[in-house]
Amino acid sequence: MTTYFNEMFDAGKVRAPYARLEDWTKAMPAELREMKQAEAEALFRRIGITFAVYGEGGDPDRLIPFDMFPRVFTALEWARLERGIKQRAKALNAFLVDVYGRGEIVRAGRIPGRLVYQNAAFEKAVVGFIPPKGVYSHIVGIDLVRTGPDDFFVLEDNCRTPSGVSYMLENREIMMRMFPDLFRENRIEPVDSYPEKLRRTLASVAPAKCHHEPTVVILTPGHFNSAYYEHSFLADLMGVELVEGQDLFVEGEFVWMRTTEGPKRVDVIYRRIDDAYIDPLCFRPDSMLGIPGLMDVYRSGGVSICSAPGAGVADDKAVYTYVPDMIRFYLGEEPILKNVPTWQCAKGDDCKYVLEHLGELVVKEVHGSGGYGMLVGPKSTKEQIEAFRARVVADPSNYIAQPTLALSTTPTFVDEGIAPRHVDLRPYCLVGERVELVPGGLTRVALKEGSLVVNSSQGGGVKDTWVLAE
Amino acid sequence: MLSRTADNLYWIARYMERAETMARLLEVGSRISLLPSVHGYRSEWDSLLQASGTAIGFDKKYGEAVQRNIESYLFFDHDNPSSVASCIVSARENARIVRTALTTQVWDALNTAFQELRQLERTPRSQLELSRLTEWTMRHAAMVRGAIDATLLRNDGYDFLNLGYYLERSDNTARLMDVKYYVLLPRVEFVGSGLDNYQWTTLLRAMSSHRAFHWAYGGEVTARKIADFLILNPQCPRSLITCVEGITGHLARLERLYKRSSPAQGKAQALHDGLNRVTVEDIFDEGLHEFLTRFILDVAALGGMVHENYLSGDLR
């Protein structure tokens, strides 16, 4: 029987960061809790934060369940996380500049060239191009799990366009509105500077040919996208236009947007569209979402694209294994955050081990995301395991495996009262002229008892995440 | 502002106004149908479909024009792009796309209408009186309008919303008046009869202008007075001249803001001048139906120019 680290109760005692929350829950009768929960849901619905799940059909206006029990870190815990996250974000960006340049890390034999250059996410179109300030990934979302008081593991890196930051901000907004007393009693670091920091980060990577205050836009695939709410939310808080591909066009050396007063030049595009779709002339010719000619303007320094095309090669699950090596190679430092030990089924020995231990491991597709296409061995039936075995055998290089981690739990409101549920954490690191992150992130919680899958598409919820001031 | 954003705002307004008109049309129809039926009339309900421009779609789907089917088609049917339900869904979807250009209050008003519509659609039809449906629609249209007036920034977005409202309203007022034409089409001798006046009064009621009309004119209700009220009186909030004045006003505001004029402005001004010159006698000499048909086409052309000049994004 695995024991899980409970972030509130350690050996029967309440851990320091949660001290004041114990009184709070004791003072809250069930009726009040239900009332507050309903109030929170109504607020979310009114604001319009909903989440469409691909391939599930059903209510397109579904809400991600919000759990009112906050997750808390002390200033000390956070300081260490922050150092580790920034370190990782810097190394990932150094790696990207390197592999699209001279490829020193490959020449040095620290990472196999095959993994980089034959990677589906490796973008030949940007080889030799160094984006402004040498930044490829401007928003790095790093998924972390915890297994003990000081044990944090990085589950995966998201270098392209990590989503969910709107929940970090809205969860806080709603908690402050519903429980102002809690915020008076606990000294909680604010997170609401994120949109301004994001805007500054984007403006700081304006292209070479921009000699004025840069015009920043967010490029969305459109209002049918499941993350559309987040796109419009960020545009609103940053005070920038939210555009679709059809609103932009290339003329001369620049990108322009169509306005009621005529064309207006665009300097920085924060795109929430995959590489494959941003320019039909350069990538998928059938893309209706992109802007023909965008890549030419990009490569000639007429516009910045965030994250830069090609950034995906750094957050590939097979490349992930080498991030600690990247940190040592580029920064000359020891990694502060640990990687989860990973078996790559592409390697014969690893694959053999994985197939023999499917029942104990978590097996994932190299390019999968959102909790789809994965196997959680200990939580699966014999049939599910055998079905998955066939898939791994058929295409070993498409899979990696990791031990099933004893994910920490935090107290969570459930029908029966309060019970521990497993959580993870996604902080958002901003990389531009500076590297910074706001004290907080998105805590996702597996609401089903015993479940280790926190993805919202698989019945996960979200929590407000607190970092206490010193 | 992004042309697409302007376009979304413009359509929010057009759809909300159209939803309200559909509800008003239903009310006119139900009131006219309460009259004893006289031989020789075309079906009153049919006239309603003709006036709303939905006759062909209805005929394909339902065939016979009876009240319940008409209610379904004009209120609930998502196959009918002009039904109240379709309009509210479209208005809310346009709003969702441009959330950032709206205040919370405006979004709230639109979203609430949408959520309540969902509930209405789940309610058994036997529990839904027509009057309840029309009142419901007008109440929500008013709430959206109120939220816009009370909370929205007076920038170009506000102008595009209002252009949508006024263009749609001018078209709709003309169409509502045209219902009269379809009802009375075969029997010219009814003009001026008691029945005729009853129908005109019903039209006023449907426009919520019954009292206003009496304050403005007093005395006998005549076709001439009503036409004057709904076409030429700038005091009437739904009259054609009020709408056209609104359009020229908002186009002029855009000219000041953008420091450039547009062909749409010239067209709107010409329409305005035309209404200023004409008298109610001229209108009846030309034929009310002919006058209204011409006006509806003019407004459609003006709408096309507004699209071309501001909303299409083709401006260079």
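How many bridges join β6(A) to β11(A), and do they run parallel or antiparallel? There are 4 of them, and the two strands run parallel. Before following that pairing into its sheet, let's take in the whole picture, keeping in mind that this is a predicted model.

Start with confidence. Chain A averages a pLDDT of 90, and 95% of its residues score at least 70. The stretch to treat with care is residues 52-58 of chain A, where pLDDT stays under 50. For that stretch the model has 6 contacts beyond four places in sequence.

Chain A mixes 15 helices with 23 strands. Its radius of gyration is 22 Å, close to the 23 Å that the globule rule gives for 470 residues, so chain A is as compact as a globular protein of that length. If you lay the C-alpha trace of chain A along its principal axes, it spans about 65 × 60 × 45 Å. Buried residues make up 44% of the 470 in the chain. Take the contacts in chain A with a separation of 6 or more, and 70% of them turn out to be between residues 24 or more positions apart.

Chain B is another matter when it comes to secondary structure: it has 15 helices and 0 strands. Its radius of gyration is 20 Å, which agrees with the value near 20 Å that a compact globule of 316 residues would have. The C-alpha trace of chain B spans about 60 × 50 × 35 Å along its principal axes, and 47% of its 316 residues count as buried. Among the chain B contacts between residues at least 6 apart in sequence, 71% join residues at least 24 apart.

Now back to β6(A) and β11(A). They belong to an open sheet of 4 strands in chain A, ordered β7-β6-β11-β12, with parallel pairing. At its edges sit β7 and β12 of chain A, each pairing on one side only. Neighbouring strands here are turned by 30° against each other on average, direction ignored. To find the β6-β11 pairing on screen, look for Val217(A), which stands opposite Ile269(A) in β11(A). Then look for the helix that lies across β6 and β7 of chain A: this is α9(A), running at about 150° to β7(A).

Helix α8 of chain A, residues 194-203, ties into the same neighbourhood. Its buried residues are Tyr194(A), Pro195(A), Leu198(A), Thr201(A), Leu202(A) and Ala203(A). An α-helix has 3.6 residues a turn, so residues three or four places apart point the same way. The spacing of Pro195(A), Leu198(A) and Leu202(A), all among the buried residues, is worth tracing with that in mind. What do the buried residues of α8(A) pack against? Their partners are α6 (165-178), β6 (216-219), α9, β11 (268-271), β12 (304-306) and β20 (428-431) of chain A.

Step back along the chain to the loop between α7 (180-185) and α8 of chain A, and you reach Val191(A). Is Val191(A) buried or exposed? With 22 C-beta neighbours inside 10 Å, Val191(A) counts as buried, since the cut-off is 20 or more. Beyond its neighbours within four places in sequence, Val191(A) is in contact with Met168(A), Leu169(A) and Arg172(A), as well as Val438(A), Pro439(A) and Gly440(A). Met168(A) is 23 residues away along the chain, yet its C-alpha atom and that of Val191(A) are separated by 8.1 Å.

The other sheet to visit is an open one of 3 strands in chain A, in the order β8-β9-β10, with antiparallel pairing. β8 (248-251) and β10 stand at the edges with a single partner strand each, so one side of each is left without a neighbour in the sheet. The twist averages 45° from one strand to the next. Between β8(A) and β9(A) there are 4 bridges, and Glu251(A) stands opposite Phe254(A) in β9(A). On the other side, β9(A) and β10(A) pair over 5 bridges and form a hairpin with 2 residues between them. Here Arg258(A) has Pro263(A) in β10(A) as its bridge partner.

That hairpin leads us to the interface. In total, 18 residues of chain A are in contact with 18 residues of chain B. The elements giving two or more residues to the chain A side are α9 (228-238), β7 (241-243), β9 (254-259) and β10 (262-266). By class, that side has 5 nonpolar, 6 polar and 7 charged residues.

Conventions. Residues are numbered from 1 along each chain as its sequence is written. Chains are lettered from A and ligands numbered from 1 in the order in which they are written. This is a predicted model: local features need pLDDT of at least 70, side-chain atom pairs count only at pLDDT 80 or more; totals for chains, interfaces and linings use all residues. pLDDT is the predictor's confidence in each residue, from 0 to 100. Two residues are in contact if their C-beta atoms, placed from the backbone, lie within 7 Å. The radius of gyration is taken over C-alpha atoms; the globule rule is 2.2 Å times the number of residues to the power 0.38. A residue is buried if 20 or more other C-beta atoms lie within 10 Å of its own, exposed if 12 or fewer, and partly exposed in between; C-beta atoms are placed from the backbone. Ala, Val, Leu, Ile, Met, Phe, Trp, Tyr, Cys and Pro count as nonpolar, Asp, Glu, Lys and Arg as charged, and the others, Gly among them, as polar. Two strands pair if DSSP finds at least two bridges between them. Axes are lines fitted to C-alpha atoms, for helices over the stretch in contact, and angles run from 0 to 180 degrees between N-to-C directions.
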